[in-house]
Amino acid sequence: MNFVMRMARREIRSSWKRLLFFFVCIGVGVGSIVALRSTLQNANSALVSQARLLLGADVQIDSTRVLDEATRAAISQVAQSPLVTGRTDTVEMPTMARPNDASEEGALLIELKAVGPEFPLYGDFTLTDGRHFNSQILEEHGAIVGQGLLDRLNLRVGNEVKIGNVVFQIRGVMNTDPGGSTGFRLGPRVFIARSAIEDTGLTGFGSRARYRVLLSTHEGSLDSLVTQLRSSLTNNLINIRTYKQSEENINEQYTRSENYLSLVGLVILVLGGIGIANVTRVFIEQKKKAIAVLKCLGATSSKITAVYIAQVIALGLAGSVFGILLAKLALFGVESYFADSLPANMNHALRTGTVIQGLMLGVLISLLFSALPLLRIRHIRPNMLLRNDETARTRKFDLVRWMTALLVIAGLVVVFSWQAGSLRIGAFFLGGVAIAGALLQLASLGLVWLVKRTRQVHSFAVRHAINSLHRPGNQTRVILMAVGLGAFLVIAVQSLQRNLLLEIDPANRGNLPNMYLIDIQKDQKVGVENLIEEAIGERPELIPTVRARIAAINGREIDLGSGEMRGDRGRLGREYIVTYRHLLEENETIIAGKMWEPTPAADPEVSIAEDMRGLQGLDVGSTMTLDIVGRKLTARVTSVRRVDWRRSRTGFMILFRPNVLDDAPTMYVGGLDGPVDDQSRSRLQRLIVEQYPNVSIIDVAEVLQLVTRLLRSVSLAVTFIGGFVFFSGTLILIGSIAMSKYQRTYEAALLKTLGATRRIVLTTVLAEYGLLGLIAGLIGSAAAVALSYTMARFVFEIPWELAPLVVGGGIAGTVVLVVAVGVLASVPVLRRKPLGVLRAP
Amino acid sequence: MIELFDVSKQVPSGSETLTILHSLNLTIPDGQFVSIVGPSGSGKSTLLGLIAGLDAPTNGDIRIDGESIVSMNEDELARLRGKKIGFVFQSFHLIPSLTALENILVPLEIAGKADAIVRAQQLLEDVDLEARATHYPSQLSGGEQQRVAIARAFANDPSILLADEPTGNLDSYNGRHIIDLMVEIHQRRGATLLLVTHDHNLAERAERSISLSDGRVVRDKVRITSVPAEETDVAEVLQ
């Protein structure tokens, strides 16, 4: 052991510079995993610790309908029990707000939240002027608003805003948003008093208000409170949620994204691993003589292998420690630049667990990838010291090698599964990486082979460069792999982003409306149609809609708690907006059953969208019972439709044959090609809301802007990670060039001795790296085009088009990078005097 | 004692087989100083390599102190070398990443010697290089490198020292110095010394001189101390 440790130390002393780049790769991989995991875990614990504050209560009872007498009585009974320490009622809904001053322009979709005097049951929130929130501020038609409302409607604190039929005075702007869920929001939030909501006239029929009762309880009594509520409230339309569930949801969400993201870090680490496999191979090749000498001096193969394993572990550990320092730096960066978009009170320290994980990963990946190259030590024979010839030994079946290979694969599966948090995803991902790697290798071999065929090039430099791609101990495959993979990721993300942006760009969406009107009541229909026709000269098509929930399928009642239905909770528990008509839309096709005749039928019939097929056995011939505002209606499924959602102005999962729903409570919705310029559109919106305050208007352009921003920041993040991969690729490139430096120095010296000028030698270098960069760029961009096409067509289901600028720029960028690195690394080669090189041992 | 019984060595050369050593029988008693001479390609280095277990014979048996080494695996051979055999090469073969002292330390450490560092320093002194202890091979002259190699070969007090043209890469002054050193240590420690050389003058200094040609022993001359050198026919010796 003494010998092993001492030899390892001595070897590292002399060769660490050559190995440096590869362990920097390990560092970058470990760093990204540790930083990602630490950040997400910190955000998770910050959110979990705030779960109660986010919900604003221990328990939330939620319903999309006004709570009926029985339910209210049941809740009050529980609320009066000693279990409950606090109660407040809220109503939330999306609606429109507009300045009260008729001379001010604009109307804006907001998220209105009407809160009772006890709100919030937990926590505290402050206004921008430093005051603490107090429900008294909302008394007598006061409102506290999000900054967005002031900005968009050009208002100030003290101004008045009209919501529904009521004028509210803006009394403050909120700093943080209590009781708000994170995520996508259509408009700024506005707080008013619970007592004022009925005056607005917005809670009448057809309103999309959510009625909530928030309760707080003693520490430890949460479960018994929930049990009591569940047993008293048997109504299926009521949803009971606790802050613990929010915690669980947050945990689940974060763990999943943490695991997915760390797989990206793992790809970087694997790239580093490939670098390590390569450096180990070349390193052992260079150390052959020293190993033969050791064997001559009495060292066994296993002892010598142990010397190199010790070096790999030491450098893997050093790389990981470096990675952890990088992660620490990254967390500093996150704290300084992204603190605003992360939960408040979030800690920005490294998590001990992730640090240990990073260290283990760094060492494991180093070991796994160096295992096979290290096996070569066994085959180095000491008699090479006597005879310089190395007769190629006939390759026999090498059991140890195969066993090691199997162990390495098993090890990688374990590492990937561990990181993905699932054996299936881990194995799948590893398989994907392996296939991608193999394809890249195959493509590069093919291209190199093709280039080799073109030996009849006139230029000496190019001919020499082509030969260099094949020289013994060449780094061609590794460079192509590392750089190609980096280029692949960056180009793929860029071109996919371009396609996504093109897709959501309204300019490319042709027939889609730029405004949607919702919540139009039956008696308002004609009025709204007339108003719009007057304003823009075109009569909008308003579609009748009815809100419904699935009550039973094939006679079986929906019980979301039951085991077999739990998996379909999302599709079974949601509210559906249904419509009726006797014709198919342009973007619909029947894929099963038959569309009904335009004549009325005696029995109710429905057509379901393809996405609903199979839901608890739902198909043509099944029956489906829908609950429409308390009235149960059973209909037979007579057809299944395929809907091209992208081409739809509106889309419906459930479609009724006309007549049956004539008496159902109907609301109208409609898309509208309003004025293109923002100001006129805003004026039209104001006009509609002024007359019909309950009608909500979604401005598509605004939503699209929001989505575009979101998409840009997502793709920025992905590009950043892709950039990391590219960076690792560059490091491997530098390292690979450094590995063959001696050989190239010697070659350059020989060429100079034979009469080549420095210019010729430089041209050779340019040609060699230009070729390498070109091949890597071509392979990377081809793979990127394939990936972005597949993702666009089959995952996002959007049309795809080649982005020549991105692809061309990607290839050019790769060539420039590889040539720059190659030439920079070759400067000392060009400078050295030939004699010194040729004389060196 | 080194014993070779019907040892031959063949290697594939293209599609044919090349015989480097023809059925060879040889006994070298403990403590003898033997020189092996012959033209290039006569099989001298191969013979040395076979005795050191660096290569395996195609046929025949080789015994070191009565123990057959032919059936030993690589690791057993390595251990045997570590214990009993020292080797000096024509091109020194010092490990370039280690200092002079560390090069000598290596075999001691492999053998797990407790006083390795003290012994290595002593050996370096024996070859007059204590001042160069921390120098790397590239910072030493050829003669100095070979002296380090000799010190390394003697590190574990081997009973057999094999030297493959140790002066081949040195000038005559340095060459003589190296041979003097080897002979001196051989005499002091009583180790068997097998010296492959082209230099007939050098060969004459050995107690016994074996001439090889085309893989066959053509002359085996034993010079017994105080008795004039006496030529023997190969046939006689073998009998």
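This passage walks through a sheet and two helices of chain B, and then the contact between chains A and B, in a predicted model.

Start with the sheet in chain B. Six strands make up an open sheet, laid out in the order S6-S7-S8-S3-S9-S10, and the pairing is mixed. The edges belong to S6 (85–88) and S10 (216–222) of chain B; each has a single partner strand, so one side of each is left without a neighbour in the sheet. On average, neighbouring strands here are turned by 15 degrees against each other, with direction ignored. Further in, S3 (residues 33–37) and S9 (residues 208–213) of chain B run parallel and are joined by 4 bridges. In this pair, B:Ser35 sits opposite B:Ser209 of S9(B).

A helix lies over part of this sheet. H1 of chain B (residues 44–51) goes across S3, S7 (160–164), S8 (192–196) and S9 of the same chain, and it runs at about 150 degrees to S8(B).

Next comes H6 of chain B, which covers residues 172–189. Its 18 residues reach 26 Å from the first C-alpha to the last, close to the 26 Å expected at 1.5 Å a residue. Which residues of H6(B) are buried? They are B:Gly175, B:Ile178, B:Ile179, B:Met182 and B:Ile185. Looking down the axis of H6(B), these buried residues fall within an arc of 130 degrees, so they line one face of the helix. That spacing fits a general rule: an α-helix has 3.6 residues a turn, so residues three or four places apart point the same way. The cover over the buried residues of H6(B) includes H5 (142–153), S7, S8 and H7 (200–204) of chain B. Turned away from that buried side is a face with the exposed residues B:Ser172, B:Tyr173, B:Asp180, B:Glu184, B:Gln187 and B:Arg188. Just after H6(B), B:Gly190 takes a positive phi of about 70 degrees.

That leaves the contact between the two chains. On the chain A side, 24 residues are in contact with 25 residues of chain B. Three helices of chain A, namely H1 (2–49), H8 (288–296) and H9 (301–338), are the elements that give two or more residues to the side touching chain B. Of these, H1(A) gives the most, with 7 residues. Sorted by class, the side of chain A that touches chain B has 11 nonpolar, 7 polar and 6 charged residues.

Notes:
Residues numbered from 1 in each chain as written. Chains lettered and ligands numbered in written order. Predicted model: local features only at pLDDT ≥ 70, side-chain atom pairs only at ≥ 80, totals over all residues. Pairing = 2+ DSSP bridges. Axes fitted to C-alpha atoms, helices over the stretch in contact; angles between N-to-C directions. Contact = placed C-beta atoms within 7 Å. Nonpolar A, V, L, I, M, F, W, Y, C, P; charged D, E, K, R; others polar. Expected span 1.5 Å × (residues − 1). Buried ≥ 20, exposed ≤ 12 C-beta atoms within 10 Å, placed from the backbone. Arc of directions from axis to C-beta.
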